[in-house]
Amino acid sequence: MKKTVACAILMALFLTGCGGNSSPADDGSTGSGDGGGKRVVNVCSWGEYIDEDLIYQFEEETGIKVNYQTAESNEALYSLLKTGAGDYDVIVPSDYMIARLIEEDMLAELNYDNIPNYAKIDDQYKGLSYDPENRYTVPYTWGTLGIIYNSTMVDEEITSWDAMFDEKYAGQVLMIRNSRDALAAALLDLGYDINTTDEAQIREAYELLADAKEKGVYQAFVMDEIFGKMEGGNAAISMYYAGDYLTMLENNPDLKFVVPEEGSNWFVDAMCVLKSAQHKEEAEAWINFIAGTEANLANMDYIWYASPNAEALEQYPAYYEETYGEPLDEELYNIMAAPKDVLDRCTLYENLPAETLTLYNDLWTELGI
Amino acid sequence: MKRKLSFLSIPYVIWMALFVVAPIIMVVIYAFSTADGGFTLANFARMGTYTVVFTRSFKLALIATLICLVIGYPVSYLMSREGPRFQRIAMVLIMLPMWMNFLLRTYSWMALLENNGLLNQLFQNIGLIDLYNRIFGTNLTFFRMINTQGAVVLGMVYNYLPFMILPIYSVIVKLDHNLLEAARDLGANSFQVFRRVILPLSLPGVLSGITMVFVPSVSTFAISKMLGGGTELLLGDLIEQQFLGGAYNPQLGAAISLVMMVIVVICMWIMNRFGEGEEQAVMM
């Protein structure tokens, strides 16, 4: 018995030793070995974030097999990449996470010669703060963060972030379970910049949030549980992304969406190739395919997030009318693809310095205690 | 004979080493490291901040375990006294919910307990809410059930109750009936038979039942997130946040996990002292 225990511990030590030292080197050296076999590309995106027919279409056209996986959030993706568990070629993180990955030297520069469809991406979505020189990314979708409310449960038109902190709506509000977005709502309500690193401002925003929680404003802190709760009329007010609002609207026509007057966050999710990618060529073929107008139209119709492809964005109303036999409500189109005046009051998230991220995390934990 | 057996245990020993011992060692290493790999105790210094989360988690898990015991013991006892046909059917009914995915089951509870959910609609339609309002002079449109600690406990009890019933049942059903007869022959009434014979002999089952309910309850995060509304963190949430939250801090996550494991082991050790002498009383 003693012997087996000793054996087990030895083995475990040996194994952990391995894990610690040799994995990065291994990843690098095995990279070039598998050129002769079947062509593959490993993609990691978000759940329900693609029209899956596109995957089959791409496989048929190119003969490249797509391993399509999903991660739950930018942070979960980051964790997968850091632990070495995620063996991906293409990922689709959001702006601030792209900045962080670039900073940590985890992304490969793209060869845009292999991605001719990049030319179709509107200039508005190029040269943004996370990739100012356009070396690493091809935008996938974009959208806005806003307030979703049930017009039968509130008796006023909501236009301000105040609603997320108002005692009047005690027990009726769903706060987002994501420190960045939740604190952004509070920062915006106070008139501060969502990318501020000023500790006093962040603490003030936290106080606003904690005070509202103390007063019982929040029914719950939610992420995707929001769909069931808002669709079922279980809560009056919440905040989430425009594309998801459109999905909820199909099940509950009383829901309304607003980008508050104080401004909001707008985000871009973009395709990137990891430095450790073993199928760079295939990865670029995939990115080029997805950046094309047809793929963007199909995606836009399926996930209700706006496309960065100028042609697709312009053609979508016509595409909708042709597919469904009725014209697309202009109001809905403007929610999906926010017009310039709305976008002007929105800001992209930037990657925050480590101290600020730690502050966010500590405050967020404090809120839950 | 002995040799053959140890040969057969090799796959399991390898399994244990790979997936039980090695991860625990990694947790320990992480818990004592800084982000650059140096040695530190700082991760534990922060533990004081989380006292509330620890007590909340242990409190809720304890309540859930007690409820499971109070419900589970009589069920196991009565079941074991019925005929084999009844036992089989009862067993299937107890196991049936477990054939469904855990998350799906918990998700269904969300739909039941929501403010505008099925139960509240039922109460509304049968006039229960009106009645309550008239008696207490309140003005409710629904009973608040979801997003409370009660809902979290309910979720734990619902999901882990079979883990209490099964070990107790399997111990009681194997009790030697001669012992019970002997006790009666010696003049014990039925309460005494239960108190002096059945209860002590079923203690190993109770102890493993408690372990099997308490341990997953104390570390759950899905239940608290879905039924508790995420307003009050439990240990599972706190640990998850260190890995999947905004500030990626696996070292702190490992430290919290380690402290939790140590507390659980101490709890189990104390509990097993009560079952001293009952050789079968294993810690799972």
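How many bridges join β6 of chain A to β8(A), and do the two run parallel or antiparallel? Keep that one in mind while you get oriented; the strands come up at the third stop. One thing before you click around: this is a predicted model.

**Stop 1: chain A as a whole**

Select chain A and switch to cartoon. You should find 15 helices and 11 strands. Colour by burial and 44% of the 369 residues come up as buried. If you like contact maps, take the contacts between residues at least 6 apart in sequence: 76% of them join residues at least 24 apart.

**Stop 2: two domains**

Now colour chain A by domain. Domain 1 is 38-142 + 267-339, and domain 2 is 143-266 + 343-368. Put a pseudo-atom at each C-alpha centre and the distance between the two comes out at 26 Å. Where they touch, domain 1 of chain A contributes 20 residues and domain 2 of chain A contributes 16 residues.

Stay on the domain 1 side of that contact. Elements that each supply at least two residues there are α5 (95-103), β5, β10 and α13 (330-336) of chain A. Helix α5(A) has the largest share, 5 residues. By class, this side of domain 1 splits into 15 nonpolar, 2 polar and 3 charged residues.

**Stop 3: the strands β5, β6, β7 and β8 of chain A**

Select residues 173-176 of chain A, which is strand β6, together with β8(A). Here is the answer to the opening question: 2 bridges join them, and they run parallel. To see the register, show L174(A), which stands opposite S238(A) in β8(A). V173(A) has its bridge partner in β8(A) too, namely I237(A).

Add β7(A) to the selection. It pairs with β6(A), again in the parallel sense, over 4 bridges. On that edge V173(A) stands opposite Y218(A).

Turn on the side chains of β6(A). V173(A) and M175(A) point one way, L174(A) and I176(A) the other, and all are buried. That fits a general pattern: in a regular strand the side chains alternate between the two faces of the sheet.

Next, select β8(A), residues 237-241. Is this strand mostly covered or hardly covered? Mostly covered: 5 of its 5 residues are buried. Add β5(A), residues 138-150, and you get an antiparallel pairing with β8(A) over 5 bridges. For a landmark in that pairing, pick G146(A), which stands opposite Y240(A).

**Stop 4: the nonpolar cores**

Stay with β5(A) and select I148(A). Leaving out residues up to four places away in sequence, I148(A) touches M230(A), S238(A), M239(A), Y240(A), Y245(A), M248(A), L255(A) and F257(A).

Zoom out to the largest nonpolar core, which has 116 residues. I148(A) is among its members with the most contacts inside the core, along with V90(A), M164(A), L183(A), I237(A) and W286(A). Strand β10(A), residues 264-274, gives the most to this core, 8 residues. Bring back the domain colours from Stop 2: both domain 1 and domain 2 of chain A give residues to this core, so it lies between them. There is also a second, separate core of 47 residues, and M164(B), V215(B), L227(B) and L238(B) are included in it.

**Stop 5: where the chains meet**

Show both chains and select the contact between them. It takes 38 residues from chain A and 31 residues from chain B. On the chain A side, the elements supplying at least two residues each are α1 (2-21), α4 (74-83), α6 (179-189), β7 (218-222), α8 (226-231) and α15 (354-368). Helix α1(A) gives the most, with 9 residues. In terms of class, the chain A side has 17 nonpolar, 14 polar and 7 charged residues.

**Stop 6: two helices in chain B**

Finish in chain B with helix α5, residues 84-95, and pick A90(B) inside it. A90(B) has 18 C-beta neighbours inside 10 Å, so it counts as partly exposed. Run a distance to V75(B), 15 residues away along the chain: the C-alpha atoms are separated by 9.6 Å.

Last selection: helix α8(B), residues 128-136. How many of its 9 residues are buried? The count is 0, and the helix is hardly covered. Just after α8(B) comes G137(B), with a positive phi near 65°.

Key: Residues numbered from 1 in each chain as written. Chains lettered and ligands numbered in written order. Predicted model: local features only at pLDDT ≥ 70, side-chain atom pairs only at ≥ 80, totals over all residues. Contact = placed C-beta atoms within 7 Å. Nonpolar A, V, L, I, M, F, W, Y, C, P; charged D, E, K, R; others polar. Buried ≥ 20, exposed ≤ 12 C-beta atoms within 10 Å, placed from the backbone. Pairing = 2+ DSSP bridges. Core = buried A, V, L, I, M, F, W, Y, C linked by C-beta atoms within 7 Å. Domains from an automatic or database assignment.
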